[in-house]
Amino acid sequence: MAHKVVICGAGFLGKNIARAIAQGSRDAIPRTIQISSRRPEKTHSLLAKSIESSTLLPPVPLDVTNLESLRPAFQDSQFVVSLVGLLTGTPKQFDDIQWKGAENVARAAKDAGAMLIHISAIGADADSEIPYMRTKGLAEQAVHDLCSDATVIRPSLVFGPEDDFFNKFSRLSRFLPCLPVFDGGKSRFQPVFVGDLARTVEIITRHDRKSQDPYAGKIIEAGGPEVFTFKEIMELVLKYNGRMRPIVSLPLSVGNLQAMIMEMLPPNIFTLTRDQLKQLSMDNVVQETTSSGRITLQQLFEEASLGPLTSVHEVLPTYL
């Protein structure tokens, strides 16, 4: 009997996970895929062009802030992949969606008897002053309290076609005479390919409660094979989109002033909040650990014989 995998979230990562599971279902254990989000129809129709109808179940709408809307969506599922999250929003929105919404998903998954795969972020910290990081940390705590066997994946920057990071700065380079970095752009990042994350979820969903799932209860720190400073990332953007722009270092105080003004305007391509600026000023790399409860994506790929992690140099030229 095929496993039912509910992908709770219909964005960039959700689409790639669905495609990876569909591909893996032809090679390994059969699985069916259900897209569930507030408005899942558009994503479902896009996926229907490349995924067999017998694998892709009808979409089921849900609202992560309403626990009762999750129960019918998760019915008869063996796995729930929680992609609940925000990039920008008010502190209340982060609390309601990224923390409490993720808690609702965990509770409903537990009630349905489904294994939970929760996508968090490197740097998740319940004590952080940054709402994004704080609510990611609080969500992890809620997930572990409700589903001790959940797998938590903490990605660094995720890259690939349709990503929100490299594409944004590439678009900015069309309009700006220079690309700014702050305080020298020394903060470090470890970009991870969306296809590698999707493959990881596919591998995890091959297991069930009757087998010994090696990733149950684990935290997977997910970074790619290379570490770059923020300045080096801007250099990569310009290298692969073919534009010539100077990279100018500005004081953090200038960035904070700009962000304070931008926060008062409607969201647009130039939007940068003070919290986002703080995040860009912090290292976002895998923390090596000897804890039995934590592994790195590199370790998982080695254990599963998946080959090397994907370099930005292989993928950025294809879409920037």
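1. In this predicted model, E202 counts as buried, its relative accessibility being 1%, a value that falls under the 20% limit for that class. The residue belongs to helix 7, which covers residues 194–204. Leaving aside residues up to four places away in sequence, E202 touches A20, I21, G24 and R31, and these four contacts are a suitable place to begin an inspection of the surroundings of E202.

2. The aromatic residues deserve a separate look. Across the whole structure, a search finds nine aromatic pairs. One of the pairs is formed by F189 and F230, whose rings are tilted, with 55° between the planes and 6.1 Å from centre to centre. Because F189 lies in strand 8 (residues 188–189) while F230 lies in helix 8, this pair ties together parts that are 41 residues apart in sequence. Both partners are buried: F189 has a relative accessible area of 2%, and F230 has a relative accessibility of 3%.

3. F230 and F189 also belong to a cluster, in which ring pairs link them with F159, F165, F166, F169 and F193. Of these residues, F166 and F169 are in helix 6 and reappear in the contact of that helix with helix 8, where F230 is among the residues they and their neighbours meet.

4. Concerning that contact, the axes of helix 6 (residues 166–175) and helix 8 (residues 230–241) come within 10 Å of each other and cross at roughly 65°, and the two helices are therefore roughly perpendicular. The crossing by which helix 6 passes helix 8 is right-handed. On the side of helix 6, the residues involved are F166, F169, S170 and S173, and they meet F230, I233, M234, V237, L238 and N241 of helix 8. By class, the residues of this contact comprise seven nonpolar and three polar, with no charged residue.

5. A second helix pair can be described in the same terms. Helix 3 (residues 67–74) and helix 4 (residues 91–112) have axes that come within 9 Å and cross at roughly 40°, so the two helices are oblique to each other. Their crossing is right-handed. Helix 3 contributes L67, L70, R71 and F74 to the contact, and helix 4 contributes N104, V105, R107, A108, A109, D111 and A112. The residues of this contact divide into seven nonpolar, one polar and three charged.

Definitions and conventions
Residues are numbered from 1 along each chain as its sequence is written. This is a predicted model: local features need pLDDT of at least 70, side-chain atom pairs count only at pLDDT 80 or more; totals for chains, interfaces and linings use all residues. Side-chain values use heavy atoms; hydrogens and water are left out. Axes are lines fitted to C-alpha atoms, for helices over the stretch in contact, and angles run from 0 to 180 degrees between N-to-C directions. Helices (H or I, at least four residues) and strands (E, at least two) are DSSP runs, numbered from the N terminus. Angles under 35 degrees count as roughly parallel, over 145 as roughly antiparallel, 65 to 115 as roughly perpendicular and the rest as oblique. A crossing is left-handed if the near helix is turned anticlockwise from the far one by less than a right angle, and right-handed if clockwise. Contact means heavy atoms within 4.5 Å. Ala, Val, Leu, Ile, Met, Phe, Trp, Tyr, Cys and Pro count as nonpolar, Asp, Glu, Lys and Arg as charged, and the others, Gly among them, as polar. Rings of Phe, Tyr and Trp (its six-membered ring) pair if their centres lie within 6.5 Å; planes under 30 degrees apart count as stacked, over 60 as edge-to-face and the rest as tilted. Buried means under 20% relative accessible area, exposed over 50%, partly exposed in between (1.4 Å probe, protein chains only).
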